[in-house]
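Thanks, everyone. I'll put the model up and then walk through it, beginning at one end of the chain.

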Amino acid sequence: MIDKKLLSILVCPVSKAPLEYDKENDELICRASGLAYPIRDGIPVMLETEARQLTVDEKLGNDH
């Protein structure tokens with residue numbers, strides 16, 4: 001779980017867009033850049049090299 005206050009101030013380092021918390025995958029999602037940043041031991045890893053590419057459905061928000 002990520003702190004809501006922390007989530008409100010974090011932005012994607014690539015697009016500077018807001019992030020969404022994906023509880024199921026424990027990731028921070030940026031639909032603007034199409035990247036998902038992992039959260040390891042409760043700490044968001046905000047490095048583009050550590051992020052994974054979102055699928056088309058995830059980018060569109062159809063991942064539920």
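So, M1. Setting aside its neighbours within four places in sequence, M1 is in contact with Y21 and D26. Keep in mind that this is a predicted model. M1 sits in the segment before helix 1. Is M1 buried or exposed? Its relative accessibility is 68%, and exposed means over 50%, so M1 counts as exposed. There's also a distance to look at here: M1 and D22 are 21 residues apart in sequence, and their C-alpha atoms are 9.4 Å apart in space.

Okay, zooming out to the whole chain. We've got two helices and five strands. Reading along the sequence, the order is α-β-β-β-β-β-α. The radius of gyration is 11 Å, close to the 11 Å that the globule rule gives for 64 residues, so the chain is as compact as a globular protein of that length. If you prefer a box, the C-alpha trace spans about 25 × 25 × 20 Å along its principal axes.

Buried residues account for 34% of the 64 residues. Then contacts: take the ones between residues at least 6 apart in sequence, and 22% of them join residues at least 24 apart. As for the surface, the accessible area is about 4,400 Å², with 53% of that belonging to carbon and sulfur atoms. On charge, there are 8 positive and 12 negative side chains, and the centres of those two sets lie 5 Å apart.

Now the inside. In soluble globular proteins, nonpolar side chains tend to be buried together. Which residues make up the largest nonpolar core here? There are 11 of them: I2, L10, C12, A17, L19, L28, C30, L35, Y37, I39 and A51. Strand 2, residues 27-30, and strand 3 each supply at least two of those. Strand 3 gives the most, with three residues.

Let me pick out I39 from that core list. Not counting residues up to four places away in sequence, I39 touches I2, Y21, D26, E27, L28 and P44. Y21 and D26 should ring a bell, as they're the two that M1 contacts.

That list also brings us to P44, which is in strand 4. P44 has 17% relative accessibility, and the cut-off for buried is under 20%, so P44 counts as buried. What does P44 contact beyond its neighbours within four places in sequence? I2, L6, L10, L28, P38 and I39. Of those partners, L28 is 16 residues away from P44 in sequence, with 7.5 Å between the two C-alpha atoms.

Last stop, backbone angles. Two spots to click on. One is K16, where phi is near 65°, a positive value in a residue other than glycine. K16 is in the loop between helix 1, residues 4-9, and strand 1, residues 20-22. Its relative accessibility is 57%, so K16 counts as exposed.

The other is D41, with phi near 55°, again positive in a residue other than glycine. Where does D41 sit? In the loop between strand 3, residues 35-40, and strand 4, residues 43-44. D41 comes out at 80% relative accessibility, so D41 counts as exposed too.

That's my tour. Happy to rotate the model if anyone wants another look.

Notes. Residues numbered from 1 in each chain as written. Predicted model: local features only at pLDDT ≥ 70, side-chain atom pairs only at ≥ 80, totals over all residues. Heavy atoms only, no water. Helix = DSSP H or I, 4+ residues; strand = E, 2+ residues; numbered from the N terminus. Rg over C-alpha atoms; globule rule 2.2 N^0.38 Å. Buried < 20%, exposed > 50% of the residue type's maximum accessible area, 1.4 Å probe, protein only. Contact = heavy atoms within 4.5 Å. Areas by Shrake-Rupley, 256 points an atom, 1.4 Å probe, with all protein chains shown as cover. Lys, Arg positive; Asp, Glu negative; His and termini not counted. Charge placed at Lys NZ, Arg CZ, Asp CG, Glu CD. Core = buried A, V, L, I, M, F, W, Y, C linked by side-chain atoms within 4.5 Å.
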